[in-house]
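Trainee: Please take a close look at a single part of this model, one helix of your choice, and explain how it is connected to the rest of the chain.

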Amino acid sequence: ERILLVVDYAETAEEKVANILRIAAKRKLTSLRLILLARGAGYWWSRLKRKGDGVGDWLWREPDKLRPLALDISGRQESYNIAIHAFAEKLGMPVKASELSNLSAPYYERILVLHMTALLAVLGSTAAGMDSIIERILDHEASNWIRQVRNRELPTTLDRGFERAMGIISVYGGVSDRHEAIELIRKIRFFRDQPLAIIETVADILHDCYPGPPWIEPIQPDLLMEYLVGKATKDDPEDFIALILPK
């Protein structure tokens, strides 16, 4: 029987990939095909190629770099239009068909940025430049938790803490349960002087905004998470140094 396995974020699943290949080598599964998707072929790829037990024998082919999904201006416009209709249908909002005047911009090689722009168009917002587009999307994300803060009549001063909490939780890869979320949020300098009831409410709000599994999912996609973490780290790196970097 022919088998195709696709492993996403393969760079974070190095040992799992190695185990798959060990089994494949032991059982001589010549009909197995394995697709590894990763942000890049770094040390994890080199380590896998050097492994024994038949693991490295499977990795004879050099990695391919994926090309942009939309290769020309017309392709980008088509993808943009498809995204607008999909977002409008999902959100129950009217379709606002439009044409982008700067589709030749290099950052639109990343289909994700193109789709972010389409989402902004459906929401009635515009932005020019990659940083501005991502910032607007983050503003939209923030509006979800800010709305819950207002609904629960919590102090508006808490708004700034959510961005930092979500950045740290995302770097952790999410949290598995409410207790872990509370313990992690309590360690963040912004929340250290807050009552336990406030911290519990913050955890519950983030769970409502980003339900899993895990209990609170990291903010997605990766591009958005990286921008959020970079912004929070620039403003105040101490929490990330203390909670994320190994001691």
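Mentor: Accessibility comes first: a residue is buried under 20% relative accessible area, exposed over 50% and partly exposed in between, for a 1.4 Å probe and protein chains only. K231, for example, has a relative accessible area of 26% and is partly exposed. Residues are numbered from 1 along each chain as its sequence is written, and side-chain values use heavy atoms, without hydrogens and water. The model is predicted, so local features need pLDDT of at least 70 and side-chain atom pairs pLDDT 80 or more, while totals for chains, interfaces and linings use all residues.

The part I choose is helix α6, residues 159–171. It is one of the 10 helices of a chain that also has 2 strands; helices are DSSP runs of H or I with at least four residues, strands runs of E with at least two, numbered from the N terminus. The order of elements from the N terminus is β-α-β-α-α-α-α-α-α-α-α-α. Of the 247 residues in the chain, 38% are buried, and the C-alpha atoms fill a box of roughly 60 × 50 × 35 Å along the principal axes.

Begin with F162, which sits in α6 and is buried at 0% relative accessibility. Its partner is W145, also buried, at 2%. The two rings are 6.1 Å apart, centre to centre, with 15° between the planes, and the pair is stacked. Pairing here requires ring centres of Phe, Tyr or Trp (its six-membered ring) within 6.5 Å, with planes under 30 degrees apart called stacked, over 60 edge-to-face and the rest tilted. The chain has 4 aromatic pairs by that rule. W145 belongs to helix α5, residues 130–151, so the contact ties together parts 17 residues apart in sequence.

Charged contacts lead from α6 to parts later in the numbering. A salt bridge is a side-chain nitrogen of Lys or Arg within 4 Å of a carboxyl oxygen of Asp or Glu, and the chain has 15 of them. E163 bridges to K231, with the closest N and O atoms 3.5 Å apart. That pair joins α6 to α9 across 68 residues of sequence. R164, in turn, pairs with D239, the closest N and O atoms being 3.4 Å apart. Here α6 is joined to helix α10, residues 238–243, and the separation is 75 residues. Both members of this second bridge are buried, D239 at 2% and R164 at 10%.

Helix α9 can be followed one step further. Its residue D222 forms a salt bridge with R39, at 3.2 Å between the closest N and O atoms. R39 lies in the loop between β2 and α2, 183 residues away from D222 in sequence. In accessibility the partners fall into opposite classes: D222 is buried at 18%, whereas R39 is exposed at 52%. Elsewhere, E15, R22, K51 and D53 are linked in a network of salt bridges.

D222 also appears in the lining of the second largest pocket, along with Y9, T12, S170, V171, G173, P218 and M225. Both α6 and α9 supply at least two residues of that lining, which consists of 4 nonpolar, 3 polar and 1 charged residues. About 200 Å³ of space lies in this pocket. A pocket is an open set of points on a 1 Å grid over the protein atoms alone, where a 1.4 Å probe fits, with protein on both sides within 12 Å along at least five of seven lines; lining residues have an atom within 4 Å of a point. Points are joined across faces, edges and corners, and the volume is the space filled by probe spheres set on them. Ala, Val, Leu, Ile, Met, Phe, Trp, Tyr, Cys and Pro count as nonpolar, Asp, Glu, Lys and Arg as charged, and the others, Gly among them, as polar.

Finally, α6 contributes at least two residues to the largest nonpolar core, as do α3, α4, α5, α7, α8, α9 and α10. Such a core is a set of buried Ala, Val, Leu, Ile, Met, Phe, Trp, Tyr and Cys residues joined through side-chain atoms within 4.5 Å. Of its 59 residues, Y108, L206 and I216 touch the most other members. The helix that gives the most to this core is α4, with 9 residues.
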